[in-house]
Amino acid sequence: SFLEMALILLVLMPLLLLAGAYFLCMLPFRHASAAQLARYAVIGSFNVALNAFIFNSLILLTGISQGEMVTLFAVITFVIVVTQSFFWSVFWTFRNTPAKNRTHQYAQFLGVSSSVAVVNIAIIHTLVSVVGAPAGISTAIWANIALLLTVFTSLLGNFLGYKYVVFRH
């Protein structure tokens, strides 16, 4: 059911992600990039939970789980999540990088995030609106499966972009 899927996405998945990220943070990293990746994983875990919460709240509040509105829900979710993620990245993940003009840095951060988001929204749109839910899977669950499939793209694309474009030495 939708409630069971929401419970898994909002409780179990973030706890598993946080446990994995915590484990990464406890490792004795010898390279700054590995430590940054571990901190980014913690933020990413929170981002996944926040993303799922907002996305599912919009589906639940409107009763809409397919079509163009789901794409709009993904965009709204993105704007909220990327803004809070910027502050975590500045003050924790990449805290040892030289300070720049924060407005310029946010614009770069938003540019990297937007590029990755366009790919992710295309994945969600294609799976939800073009392919559609397979037989036996509700449209709400299928929308969440599509959302989960974008986690790897987000992790890799954003981390590399933030590290080498936004927060480079």
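These notes walk through the packing of this predicted model.

1. **The main core.** Start with the nonpolar packing. The largest nonpolar core has 17 residues. Phe55, Val70, Ile124, Val128 and Ala143 have the most contacts inside it. Helices α2 (32-62), α3, α4 and α5 each give two or more residues to this core. The top contributor is α2, with 5 residues. As a general point, nonpolar side chains in soluble globular proteins tend to be buried together.

2. **Val128.** This residue is among those with the most contacts inside the largest core. Beyond four places in sequence, Val128 touches Ser65, Gln66 and Gly67. Val70 is also on its contact list, as are Trp142, Ala143 and Ala146.

3. **A second core.** Apart from the largest core lies another, of 13 residues. Val82, Phe109, Ala117 and Phe167 are among them.

4. **Aromatic pairs.** The structure holds 10 aromatic pairs. One of them joins Phe86 and Phe109, edge-to-face. Their ring centres are 5.2 Å apart, with 70 degrees between the planes. This pair links distant parts of the chain: Phe86 sits in helix α3 and Phe109 in helix α4 (residues 102-131), 23 residues apart. Are these two rings buried or exposed? Phe86 counts as buried because its relative accessibility is 3%, under the 20% cut-off. Phe109 is buried too, at 0%.

5. **The ring cluster.** Ring pairs also build a wider cluster. Its members are Tyr40, Phe86, Phe87, Phe94, Tyr106, Phe109, Phe159, Tyr162 and Phe167. Phe109 and Phe167 therefore appear both in this cluster and in the 13-residue core, a set of buried residues joined through side-chain atoms.

6. **A charge over a ring.** Lys163 lies over the face of Tyr164. The distance to the ring centre is 5.6 Å.

7. **Thr93.** Look next at the last residue of helix α3 (residues 68-93). Thr93 has a relative accessible area of 0%, so it is buried. What does Thr93 touch, leaving out residues up to four places away in sequence? The list is Gln36, Arg39, Tyr40, Ile43 and Trp88.

8. **Thr150.** This threonine is found in the loop between α5 (139-149) and α6 (151-166). Thr150 is buried because its relative accessible area is 6%. Its side chain reaches the backbone oxygen of Leu147 at 2.6 Å. With neighbours within four places set aside, Thr150 is in contact with Asn120, Ile123 and Ile124. Ile124 is also one of the residues with the most contacts inside the largest core.

Note on methods:
Residues numbered from 1 in each chain as written. Predicted model: local features only at pLDDT ≥ 70, side-chain atom pairs only at ≥ 80, totals over all residues. Heavy atoms only, no water. Helix = DSSP H or I, 4+ residues; strand = E, 2+ residues; numbered from the N terminus. Buried < 20%, exposed > 50% of the residue type's maximum accessible area, 1.4 Å probe, protein only. Contact = heavy atoms within 4.5 Å. Phe/Tyr/Trp six-rings, centres within 6.5 Å; stacked < 30°, edge-to-face > 60°. Lys NZ or Arg CZ within 6 Å of the ring centre and 35° of its normal. Polar contact = N/O pair within 3.5 Å; in protein donor to acceptor, adjacent residues only side chain to side chain. Core = buried A, V, L, I, M, F, W, Y, C linked by side-chain atoms within 4.5 Å.
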